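Let's take a friendly walk through a structure with more than one part to look at. Keep the 3D view open while you read.

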Amino acid sequence: MFGAGGGTSSFREVEETDVVLLWGSNARLAHPIWFHHLLKGIRNGARLYVIDPRRTESAQWADVWMGLHVGSDIALANTMAREIIHAGLADEQFIANATEGFDSYRAAVESYTLEFGELATGVPADVIREAALNFARADKAMVCWTLGITEHHNAVDNVLALINLALLTGHVGRWGCGCNPLRGQNNVQGGGDMGAIPNKLPGFQDIEQDAEARERIGRLWGVTIQPDNGYNLTQMLHAMSRRELTSLYVIGENPAQSDADLHHVQDALAGLDHLVVQEIVMTKTAEYAHVVLPAAATWCEGEGTVTNSERRVQRVKKVVEPPAGARDELWVMSEIARRLGHDWGTPTAEEVWNEFRAVAPHFAGGMSYARLEALGGIQWPCPDESHPGETFLHGRLWEVPRRGRPAPFSVVHHDPPVERPDSEFPLLLTTGRRLESFNTGVQTGGYASPLHNGESLDISPEDAAHLGIDDGDLVRIESRRGKVEAPARIDDGLRAGVVFMTLHFPDEVPTNLLTIDVSDPKSGTAEFKACAVRVVRVIPSTQVTPPLIGSARDTN
Amino acid sequence: MDIRRVESDPTDDERAAVDALLGPPSSAWDGGPRGSQRDAHVSHVGGRDTRALRDRLLPALQALQARVGWISEGGLGYVCDRLNVPPAEGWGVATFYALLATSPRPRRVVHVCDDIACKCAGADAVIAALESAAGPALHHAPHGSHVTVAGRGAWMRSPCLGMCDQAPAALVTDAGEHPRERLLGQVTADRLTDLLSGADPDRPAARPSVHQPSAQVQLLRRIGKVDPTSLDEYRATGGYRALERAIDMGPEAVIAEVTASKLVGRGGAAFPTGRKWEAVRAQPVRPHYLVCNADESEPGTFKDRVLMEGDPFALVEAMTIAGFATGCEQGYLYIRGEYPLAFEHMQHAIEQARRRRLLGGNILERGVFFDFEIRRGAGAYICGEETALFESIEGKRGEPRNKPPFPVNAGLFGKPTVVNNVETLANIPGIVLEGGAAFGAVGTPQSTGTRLFCVCGNVQRPGVYEAAFGTTVRTVLEMAGGLLSGRRLAAVLLGGAAGTFVRPDELDLKLTHEDTRAAATTLGSGVVMVIDDTIDLQDLVLRIAAFFRDESCGQCVPCRVGTVRQEEALHRIARSRTRGGLAMEVALLEDVGVAMRDASICGLGQTAYAAVESAIKRLRLYDPGDQVS
């Protein structure tokens, strides 16, 4: 945000903050390491607000759970903003010094009265008001979010609505404050850092805007960098459907099971002229491939770095040899380059990293392998070898006069999910994660665990009673796009009208056959969090065979 | 808190018992019915306000126990819903305390003491007769097991009930809408059998067994003379003069006098009270807590019960002075669960004091704020250990903490805490009024003031006797009237189960901290248990070993395993089925005992071998010549 592609704060800061808005995140299950830092913060006296349609395991730790309607996040944020402004709690000095666009923002949120907020979100007005005022009054406060914010058709607007709250109250650029998207994997951040996103060069240098960077990096690489953004994943899939994109090289990703509206995705993959999948295990996507390149698992069978949610770049070291036939990923890529006529030699991970430092000197210039080793990781940016790394970002916004560009307020408006429940599909399905499984189960489905209970349809006691469903009954879940079957699990944390599933068991219960293929034009993220379904009982629980413990997946 | 709920529902009785303590549920998220529109979108359960309720867990479980006689799965689940405690943790607490049952029990349970003092008074014969008249004792059924409950009442064996002056003793508990508990002395098998068939346990009068002329006593001077339920009588006999004086003096001066008095703790550890108070007073962290340890469970000890039953206002006043001096505005009085009358009298005294503005806000209209509440134990000796007591108040299993940090730095709820024994505090008003120097003039230079001795066992007049430090064992024995006629002294147990035996030829030992230390024994909690030649000493030692095995919290290995090994070896000796001969068994006892003493976390394990060791080394009870192995 404000030009930096990462969360603003260190883990340590959540331990020392006063108020945390945990928005659209069941971090207790999905980000357990980060949640441990939050628990320390709670122990130190932080007040926790969990904003989530479900009363999740995270919400069970909250001082206040605000159970908004799915997809009403902007309405809630804007209503809070209006309350803060009307209570005179906007940080006017900070706004004047560090931001731009406040007047139009104030005008835009003016229509988000408490009455409207309650109507749009379902959260009672007094609760919205109390949360707004406590957030604004806190000395230190943070907004943290995950996919509950970003897996919507208006993902970027949702994020901007939250950033607006931090700007409004001056809760950014200071210790213990900030805006933090929690990363779901150890190196989601690192992928972005290295430029594996369609609109950025390494170190978040913009492809379209930053001619100087294109020129400079192109010179280093000996190529001319074209000035247009590439496709994001959603755009790729659409381009594949249109037969504009006919060849695909997939590294460590399983779109055949992880993306929305799977029928569509699988058709697109099947229609490719050439699909190369580089993977550590055989996945559903790899089954569509023309060539499968067995790769070493970089987290233990190779060298490199990863970047975590607090922007800390950490060394990864090889501790075991890969199994026979699996190759180091750098070797694979260099070899492909060589056969395509570009001799990159056989670079080591450190050599690649040093090239990255040269390409993005302001970002990573000071992060030599030796320093990463000595300091136990460094938080970017770290421009030179005397720089300790940044614990939090955007401190410059507090300098008077301000350095650099002002941070912009963004005018964003309530825009509910594309598909809403109706008489035909009366329930709203939202998706997420559970503790014991990881994404499509490629890495977690292969071993037995007493926690692996398989997939279920989580449903409120009220809906279950209405539909005559008992705990454990096999039910069929149908949307306009597909249908799946799963046992029902009655969940007190759900209210009537909302059901919940995960994507963890795509072989048994391909949930994404149900989800809707609409995505945010700005980020490409699909609206996994909301689609309309209906549920019918298939077999009573007494006749259902107990679910398999774990799934029989070949992990070699 | 990642809670998986218990699925069983509570009965109406169980719900009512818990709601009477906690008030009705606030929402569907803390045990109320589902269905409100607000609950579908808001919860205030689970955050700091809910976590702050954790210390209500033990009182809530006690409320269930008192109402229905045991803690069912549905009842436990409801308590856990109300307090947002994981059922596994609630279960952990419920199964920790002996007075809480997790399998069905009849409404009336009679707990019959078979501990050392009652043994000396013939408890074994009473129990044998009871067994033949009323059938076997109810054992602690495996937790959660479904036992059939027949008859109107059941009886159980109990460790020391703190009624050693009126041994043999029993505790009657009646569960129900109007629960009732009675601590009975001088019980017979007939009386117990009647009780099991529903006889009314008539309310015993407070029977302070104090047999001393009041001229000689300080701490006991009101006991048996002044109505313990009358604040007016208390004030008419000098009550609350000390608090007024303390407020005049100011906290620093009060602590200076306490330090000058050289008062040390009377619970057993003998730590200087003034130093403890000063350390807490100086802590910048707030709040400070005052805890009065009235979990008097050391076998043979009953002095704190006598003080609380007989002079409750004195303890209220003393705690108020202590709170004022150390900067505490909130206190806790933790009374062992087996003391119903002490609880009633203290509860009454607190209510009276609050009504007269002697507790709460603006005490004596002098701007002093202090109040305290009573927490009742539930049958766990270990909770007399100060950090285990904190855990118990906090709603957890009573497992001692590692030290440091010490309570003065991080005690109850992690805050600086003064923890004092009842008798220790009882000395405070006198010190404030007469001055530390005057207090220090009594006793010896190193052991100042008077001490309460719990004289029990085979003496003419068991009871609490107050004597200046330096009085000999012989004198104390004579104060209690000496032995029964025709008996010969076999041993004296000083300090209770955690203390040591001394021989009949050691009666001139002066009862001071320094003399007992030099003689490798202890004053402990002031127990002077007299054992004559009619008593099977090895049987007594075995009972002590069984006591420690039963009361070990099981947290640390040396104690958990050591107390079992110790009892097993003593059993083998008692049955003449030693392994490798008597000398080998004694050597094993020594090895296990040293391991427990050196490596246990708390005083329980550290002293679990003390009495056994003194029986071996001092009484030479296990010398090869005396027994064929």
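What follows goes from the whole chains, to the place where they touch, to one pair of helices.

One thing to keep in mind: this is a predicted model.

**The two chains**

Here are the basics, side by side.

| Property | Chain A | Chain B |
|---|---|---|
| Helices and strands | 22 helices and 21 strands | 26 helices and 15 strands |
| Span along the principal axes | roughly 65 × 65 × 45 Å | about 80 × 60 × 45 Å |
| Buried residues | 51% of the 556 residues | 54% of the 629 residues |

How does the radius of gyration of chain A fit with a compact globule? A compact globule of 556 residues would come out near 24 Å, and chain A has 24 Å, so the two agree. Chain B passes the check as well: with its 629 residues, the expected value is near 25 Å and the chain has 24 Å, which agrees.

Now think about which parts of a chain touch each other. Take the contacts in chain A with a separation of 6 or more: 72% of them are between residues 24 or more positions apart. In chain B, the matching figure is 73%.

**Where the chains meet**

How many residues does each chain bring to the contact? Chain A puts in 19 residues, and chain B puts in 14 residues. On the chain A side, strand S3 (residues 64-66) gives the most, with three residues. Sorted by class, that side of chain A has eleven nonpolar, three polar and five charged residues.

S3(A) has a partner across the contact, too. Two bridges join S3(A) to strand S1 (residues 42-43) of chain B, and these strands run antiparallel. To find the spot, look for A:Met66, whose bridge partner in S1(B) is B:Val42.

**A helix pair in chain B**

Next, zoom in on helix H24 (residues 582-599) and helix H26 (residues 610-617), both in chain B. They pack at an angle of about 145°, and their axes are 10 Å apart. The crossing of H24(B) past H26(B) is left-handed.

Which residues meet here? From H24(B) come B:Val586, B:Leu589 and B:Gly593, while H26(B) offers B:Val612, B:Glu613 and B:Ile616. By class, this contact has four nonpolar, one polar and one charged residues.

Methods
Residues are numbered from 1 along each chain as its sequence is written. Chains are lettered from A and ligands numbered from 1 in the order in which they are written. This is a predicted model: local features need pLDDT of at least 70, side-chain atom pairs count only at pLDDT 80 or more; totals for chains, interfaces and linings use all residues. Axes are lines fitted to C-alpha atoms, for helices over the stretch in contact, and angles run from 0 to 180 degrees between N-to-C directions. Helices (H or I, at least four residues) and strands (E, at least two) are DSSP runs, numbered from the N terminus. A crossing is left-handed if the near helix is turned anticlockwise from the far one by less than a right angle, and right-handed if clockwise. Two residues are in contact if their C-beta atoms, placed from the backbone, lie within 7 Å. Ala, Val, Leu, Ile, Met, Phe, Trp, Tyr, Cys and Pro count as nonpolar, Asp, Glu, Lys and Arg as charged, and the others, Gly among them, as polar. The radius of gyration is taken over C-alpha atoms; the globule rule is 2.2 Å times the number of residues to the power 0.38. A residue is buried if 20 or more other C-beta atoms lie within 10 Å of its own, exposed if 12 or fewer, and partly exposed in between; C-beta atoms are placed from the backbone. Two strands pair if DSSP finds at least two bridges between them.
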